[in-house]
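Got the model open in your viewer? Here is a short walk through it, one selection at a time.

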Amino acid sequence: MYDFEGDHGSAAGGGPAPWLLALEVPRFGIEYGASRALDLTACLLRADRDLGRGRPVLVLPGFSANDRLTGRLRGHLAQRGWDVHGWGLGTNHGLTEQIVTGLPRRFVEIAERSGQPVSVVGWSFGGLLARWLAHQQPDRVRQVVTLGSPWRAEGEQTRATAMFERSRTKHGMVDDAREIVDLLRGEVPVPLTAVWSKSDGIVPWRGCTVDPVAPGDGRAPAENVEVVSSHVGMVANPLVLRIVVDRLGQDTAAWRPYRAPTKVA
């Protein structure tokens with residue numbers, strides 16, 4: 001799984017250009033601060049408090065990340081009325097035995113407790129795991145939203161490749177990892193929104209896009225939404241958070257593609 005072949009237009013050696021990688025941390029600081037300020041304002045105005053209507057959402061962290069790093073996203077959704085859950089599995093080390101067995105168990109717990117389908121939002125590698133859950137539990141997954149998730153084979157060459165290789169050596173990987181990857185790369189059987197950025201400093205954006213499926217053609221709808229965001233900032237960027245809120249608020253039986261708000265002159 002972690003060969004990461006297929007650069008497709010990125011910088012020499014694979015992955016986005018070095019200058020984009022260098023800007024990841026300062027950009028994240030700006031994105032985090034902006035979304036935090038907006039949420040404080042919304043709290044004071046008591047705005048958008050009931051958008052989620054208590055529907056369950058599971059948020060999956062990216063590779064080498066944990067629930068603490070998705071806290072901004074989860075707090076944003078909880079403030080707007082969703083029943084939000086972290087994955088509770090510590091640091092995401094990839095397709096380890098702990099994750100491959102623990103994630104489905106965690107998902108089933110949430111689904112059974114809520115008594116309704118669960119939306120799954122996955123950041124980076126967490127988005128690949130979200131796709132996998134949708135294939136495993138199509139009747140229990142309401143929808144999937146991926147944030148900068150390089151699920152395609154041509155998206156495997158990233159700036160985190162060396163980290164993946166070190167993690168595989170240290171933490172191991174399940175024997176059926178290839179089968180899991182082959183499964184998650186199939187067409188997702190639930191509504192899917194892929195959010196990606198051409199200015200992503202860690203993963204190549206082309207590997208994060210999906211083949212669009214229009215509502216009403218007999219298959220689950222799938223769409224691409226482009227944003228201007230850092231990779232780390234996908235879980236804090238105000239534009240991304242707005243898109244996630246909009247998508248989670250969709251009626252899955254009457255799905256409408258995302259449309260950015262019209263500017264008022």
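One bit of vocabulary before the first stop: a polar contact here is a pair of N or O atoms within 3.5 Å, and within protein one of them must be able to donate a hydrogen and the other to accept it. Keep in mind, too, that this is a predicted model.

**The whole chain**

Start zoomed out, with the cartoon on. You should be able to pick out 8 helices and 6 strands. Following the chain along its sequence, the pattern is α-α-β-α-β-α-β-α-β-α-α-β-β-α. Of the 265 residues in the protein, 52% are buried. Now think about contacts between residues at least 6 apart in sequence: 79% of these join residues at least 24 apart.

**Select Arg152**

Go to the loop between β4 (141–147) and α6 (161–171), where you'll find Arg152. Is this arginine buried or exposed? Its relative accessibility is 14%, so Arg152 counts as buried; the cut-off for that is under 20%. Show its side chain and look for the backbone oxygen of Thr209: the Arg152 side chain reaches that oxygen at 2.8 Å. Then display what surrounds it. Beyond the residues up to four places away in sequence, Arg152 touches Arg185, Arg206, Gly207, Thr209, Val210 and Asp211.

**Select the largest core**

Next, color by residue type and head for the nonpolar residues. In soluble globular proteins, nonpolar side chains tend to be buried together. The largest nonpolar core in this model has 37 residues, and the ones with the most contacts inside it are Leu58, Leu60, Trp87, Leu95, Leu103, Phe107 and Leu129. Which elements feed it? At least two residues each come from β1 (56–60), α4 (97–114), β3 (118–123), α5, β4, α7 and β5 (192–197).

Center on Phe107 for a closer look. Setting aside residues up to four places away in sequence, Phe107 touches Leu58, Val118, Val120, Leu133, Gln137, Arg140 and Val141. Apart from this core lies another, of 22 residues, with Val57, Leu77, Val225 and Val235 among them.

**Select α5 and α7**

Now show just two helices, α5 (residues 125–136) and α7 (residues 177–184). They pack at an angle of about 80 degrees, with their axes 8 Å apart. That angle is why α5 and α7 count as roughly perpendicular to each other. Turn on side chains where they meet: Leu128, Arg131, Trp132 and His135 come from α5, and Ile180, Leu183 and Leu184 from α7. By class, this contact has 5 nonpolar, 1 polar and 1 charged residues.

**Select Pro189 and Pro191**

Last stop: the loop between α7 and β5, home to Pro189 and Pro191. How exposed is each one? Pro189 has 40% relative accessibility, so it counts as partly exposed. Pro191, at 9%, counts as buried.

Check their surroundings one at a time. Leaving out neighbours within four places in sequence, Pro189 is in contact with Ala134, His135, Pro138 and Ala220. Try a distance too: from Pro189 to Arg131 is 9.1 Å, C-alpha to C-alpha, although the two are 58 residues apart in sequence.

For Pro191, the residues it touches, not counting those up to four places away in sequence, are Arg142, Gln143, Val144, Ala220, Pro221, Thr252 and Trp255. Finish with one more distance: Pro191 and Gln143 are 48 residues apart in sequence, yet their C-alpha atoms are 4.9 Å apart in space.

Notes. Residues are numbered from 1 along each chain as its sequence is written. This is a predicted model: local features need pLDDT of at least 70, side-chain atom pairs count only at pLDDT 80 or more; totals for chains, interfaces and linings use all residues. Side-chain values use heavy atoms; hydrogens and water are left out. Helices (H or I, at least four residues) and strands (E, at least two) are DSSP runs, numbered from the N terminus. Buried means under 20% relative accessible area, exposed over 50%, partly exposed in between (1.4 Å probe, protein chains only). Contact means heavy atoms within 4.5 Å. Axes are lines fitted to C-alpha atoms, for helices over the stretch in contact, and angles run from 0 to 180 degrees between N-to-C directions. Angles under 35 degrees count as roughly parallel, over 145 as roughly antiparallel, 65 to 115 as roughly perpendicular and the rest as oblique. Ala, Val, Leu, Ile, Met, Phe, Trp, Tyr, Cys and Pro count as nonpolar, Asp, Glu, Lys and Arg as charged, and the others, Gly among them, as polar. A nonpolar core is a set of buried Ala, Val, Leu, Ile, Met, Phe, Trp, Tyr and Cys residues joined through side-chain atoms within 4.5 Å.
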